[in-house]
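Here are my notes on the structure you sent over, written as numbered points. Keep the viewer open and look up each residue as you read.

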Amino acid sequence: MNPGSAASAGPARTPDTLGTPEPALTDLHGRVTDWFTRSARDLPWRDARCSPWGVLVSEVMLQQTPVVRVLPVWHEWLDRWPSPADLAAEPAGSAVRHWGRLGYPRRALRLHAAATAILERHDGKVPSTYDDLLALPGVGTYTAAAVAAFAFGRRETVVDTNIRRVHARLFGGSALPAPALTAAETKRAVALLPREDALSVRWNAAVMELGAVVCTARAPQCDACPVLDACAWVAAGRPDPEYVPKGQAWAGTDRQVRGAIVAVLRHADAPVPRSLLLNAPVDLGMGASDDGVAVVLPGPLAALHGLRAPTEQLERALEGLLSDGLAEELDHGIRLPG
DNA sequence: TATCCGTGGCG
DNA sequence: TCGCCAAGGAT
């Protein structure tokens, strides 16, 4: 049961992948959490008064999006929708519109669906267990563990990209973790987790923070690291990464076109005619019409047509948005989902 | 499991 | 300048 008490001979050891004696592990816990106490960023979702809903919203917004860009949108959302019921009472398109430019707007859609599910299945209260959280739309293994831990104080094994990188360097001696999460990594994270609930929560938050501000991907600030002397990667002379991360293509992709279309819809106050999305108007003036059909801000529409995307791609991107529920088509045009 | 899904700042 | 990267999830 206790991962660290399985060894037979010699000092108590955590499992093979780690090989760190118990006292050394306790020392690491203390040094990293002490560092966290001293230098943690003051983020609103870390405030003790922040609701579980606020934590859930933050975790979804932070999926693949930096803290600095999340902050203003998070405040706007929590102001506007202080509870899951408040969001669920609105059309899904409202969530997408107020998502701003955080990217991956399907997350807004899923957050709205999660709010609805919370209302229907959990009496409007964010569930506190890993399994119940995992069942919510847009909540995967990371987010379920993070919310259970940070909003409810549960002992969960939280594994995000920051924690993976810290573990890879500190214990694995590698510059970067494997391309995809491995079973061995999860096992190691489980073995490292402090036994006591409150300490495990701080450990999760602290290692994540360490990866976010010190043990960063590109230019790690090793001089500020509380466990520099224990780092296997530094001890090995900071070897280069063992593989080349494949970059994310962008220019000319469907994603780029989808993003441009959603931007148009977000700024439109009425359904936008399909023809206006697919074909560049002869005169790019205001793109507006007279009898209440559509008024489109010129910026996003000009940006869309500025991509010079083939009509076929525009159509494919639009169909994708429609089938994903990020847009809906009415008789007179296309809009965010009502 | 590999791929798709946005956006913008930084080294 | 431009590729890399950011508290992932769903399929």
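Which base atom of DNA strand B is 3.2 Å from a polar backbone atom of Gln-64? It is a base nitrogen. Please keep in mind throughout that this is a predicted model.

1. **Around DNA strand B.** Let us stay with this strand. A base nitrogen of DNA strand B also lies 3.0 Å from a polar side-chain atom of Thr-65. Arg-255 offers a similar case: an N or O atom in its side chain is 3.0 Å from a base nitrogen of DNA strand B. In total, 17 residues surround DNA strand B, and the closest are Arg-69, Arg-101, Tyr-104, Pro-105 and Arg-258. Of the strand's atoms that come within 4 Å of the protein, 57% belong to sugar and phosphate.

2. **What that surface is made of.** Sorted by class, the surface near DNA strand B holds eight charged, five polar and four nonpolar residues. Helix α13 (residues 254–267) provides the largest share of it, with four residues.

3. **Around DNA strand C.** Now turn to the other strand discussed here. There are 29 residues around DNA strand C, and those that come nearest are Leu-62, Gly-140, Thr-143, Asn-162 and Arg-165. Sugar and phosphate make up 62% of the atoms of DNA strand C that come within 4 Å of the protein. The surface near DNA strand C has 11 nonpolar, 10 polar and eight charged residues. Helices α6, α8 (141–152), α9 (161–170) and α11 (197–213) each contribute at least two residues to it.

4. **Bases and phosphate of strand C.** Three distances are worth finding in the viewer. The side chain of Gln-248 has an N or O atom 3.2 Å from a base nitrogen of DNA strand C. For the side chain of Arg-41, the distance from an N or O atom to a base nitrogen of DNA strand C is 3.4 Å. With Tyr-142, a backbone N or O atom lies 3.4 Å from a phosphate oxygen of DNA strand C.

5. **Helix α9.** This helix supplies residues to the surface near DNA strand C, yet α9 is mostly covered, with nine of its 10 residues buried. Among the buried ones are Asn-162, Ile-163, Arg-165 and Leu-170. Their cover includes α10 (183–192), α11 and α12 (232–235).

6. **The largest nonpolar core.** This core has 59 residues, and the members that touch the most others are Met-61, Trp-77, Ile-261 and Leu-277. Helix α6 (residues 106–121) gives the most to it, namely seven residues. Where does the core sit relative to the domains? Both domain 1 (1–51 + 126–247) and domain 2 (254–335) give residues to this core, so it lies between them. A second, separate core has 28 residues, including Trp-35, Val-158, Ile-163 and Val-214.

7. **Trp-77 up close.** Setting aside residues up to four places away in sequence, Trp-77 touches Val-57, Met-61, Pro-82, Leu-87, Ala-95, His-98, Trp-99, Ala-108 and Leu-111.

8. **Two residues of helix α16.** Gln-313 sits in helix α16 (residues 311–324), and Leu-314 lies in that helix too. Is Gln-313 buried or exposed? Gln-313 counts as buried because its relative accessibility is 8%, under the 20% cut-off. Its side chain makes a polar contact with the side chain of Asp-254, at 2.9 Å. Leu-314 is also buried, at 5% relative accessible area. Beyond its neighbours up to four places away in sequence, Leu-314 touches Val-257, Ile-261, Leu-277, Leu-278, Leu-304 and Ala-309. One of these, Leu-304, is 10 residues from Leu-314 in sequence and 9.5 Å away in space, C-alpha to C-alpha.

9. **A buried charged residue.** Finally, have a look at Glu-209 in helix α11. Glu-209 is buried, with a relative accessible area of 1%. Which side chain does the side chain of Glu-209 make a polar contact with? The partner is the side chain of Arg-46, at 2.5 Å. Apart from residues up to four places away in sequence, Glu-209 touches Trp-35, Phe-36, Ser-39, Ala-40, Arg-41, Arg-46 and Val-214. Of these, Arg-41 appeared above for its side chain, which has an N or O atom 3.4 Å from a base nitrogen of DNA strand C.

Technical notes. Residues numbered from 1 in each chain as written. Chains lettered and ligands numbered in written order. Predicted model: local features only at pLDDT ≥ 70, side-chain atom pairs only at ≥ 80, totals over all residues. Heavy atoms only, no water. Core = buried A, V, L, I, M, F, W, Y, C linked by side-chain atoms within 4.5 Å. Buried < 20%, exposed > 50% of the residue type's maximum accessible area, 1.4 Å probe, protein only. Domains from an automatic or database assignment. Contact = heavy atoms within 4.5 Å. Polar contact = N/O pair within 3.5 Å; in protein donor to acceptor, adjacent residues only side chain to side chain. Near = heavy atom within 4 Å. Nonpolar A, V, L, I, M, F, W, Y, C, P; charged D, E, K, R; others polar.
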